[in-house]
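Visitor: Please take me through the inside of this protein. I would like a close look at the packing and at the open space beside it.

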Amino acid sequence: AEAEVEIARGERVLIRGQSGSGKSTIMRAVAGVWPWGSGSVELPKGDIVFMPQKPYFPLGTLREAMLYPKDPGDVSDDDLREALHEVGLDHLRGRLDDIERWDHILSGGEQQRVAFARTLVQKPHWIFMDEATSALDEAGQENVMRLLAEKLPDSAVVSIGHRPGLELFHTRELVLE
């Protein structure tokens, strides 16, 4: 109640709290998909990516899934393949033009890795994550979080998470009570 938080570009903020404390509700309010409640959210300028626990996969090719919601633009196949390699999905590097129900054939961890590859390719200024590493093992979580820090050092990262080790990749922690 009556809380005010300001997050600067390039900052890494981890949001924690007990189950039911409103962490995901805050993320939904920031995304503009939570119509209940009162208050205001001022979104930052720049490209924003929201990474939920279960990533969205449009019907179509893996390339389209990796570029969603953007148009292909000037992203090369080499850039897409490199992003897949970096997140540990080498077995998908040759499937960019395969049309599949990717949300059905990829495991939860693979889906989250594709979401991180998508983020690395799109290079947003702001990244909002809600339990975006929950299906990854500790080594996988460490790898994708390290990649964000190394490849997108000027991007702000706002994470909701419970997993041990996440605090190592954030410079500030907010605890909801």
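**Core and pockets**

Guide: Start with the largest nonpolar core. This core has 34 residues, and Met66, Phe116, Met129 and Leu148 touch the most other members. Keep in mind that the model is predicted. Six elements each give at least two residues to this core: β2 (48-51), α2 (62-67), α3 (77-86), α5 (108-122), β5 (126-130) and α6 (138-151). The largest share is six residues, and α5 supplies it. In soluble globular proteins, nonpolar side chains tend to be buried together.

Zoom in on Leu148. Setting aside residues up to four places away in sequence, Leu148 touches Phe116 and Met129. Its other partners are Arg12, Thr119, Leu120, Ile127, Pro153 and Val157. There is also a second, separate core. That core holds eight residues, including Ile15, Ala156, Val158 and Ile160.

Now the open space. The largest pocket has a volume of about 1400 Å³. Its lining counts 32 residues, and those closest to its centre are Ala3, Val5, Ile26, Ser40 and Val41. Among the elements, α1 (23-31), β5, β6 (156-160) and β7 (172-176) each supply at least two lining residues. The largest share, five residues, comes from α1. By class, the lining has 21 nonpolar, six polar and five charged residues.

Next comes the second largest pocket, with about 260 Å³ of space. Its lining has 13 residues; Met27, Arg28, Phe50, Pro52 and Asp130 are the closest to its centre. Two or more lining residues come from each of α1, β2 and β5. Again α1 gives the largest share, here four residues. This lining divides into eight nonpolar, two polar and three charged residues. So β5 supplies residues to the largest core, to the lining of the largest pocket and to that of the second largest pocket.

Finish with a charged residue, Glu11. Glu11 sits in the segment before β1 (12-17). Glu11 counts as buried because its relative accessibility is 19%, and the cut-off is under 20%. A polar atom of the Glu11 side chain lies 3.0 Å from the backbone nitrogen of Ala8. Leaving aside neighbours within four places in sequence, Glu11 is in contact with Glu6, Ser155, Ala156, Val157, Thr171 and Arg172. Two of these names have come up already. Ala156 belongs to the second core, and Val157 touches Leu148.

Conventions
Residues numbered from 1 in each chain as written. Predicted model: local features only at pLDDT ≥ 70, side-chain atom pairs only at ≥ 80, totals over all residues. Heavy atoms only, no water. Core = buried A, V, L, I, M, F, W, Y, C linked by side-chain atoms within 4.5 Å. Buried < 20%, exposed > 50% of the residue type's maximum accessible area, 1.4 Å probe, protein only. Contact = heavy atoms within 4.5 Å. 1 Å grid on protein atoms, 1.4 Å probe; cavity = no way out; pocket = protein on both sides within 12 Å on 5 of 7 lines; lining within 4 Å. Points joined across faces, edges and corners; volume = space filled by probe spheres on them. Polar contact = N/O pair within 3.5 Å; in protein donor to acceptor, adjacent residues only side chain to side chain.
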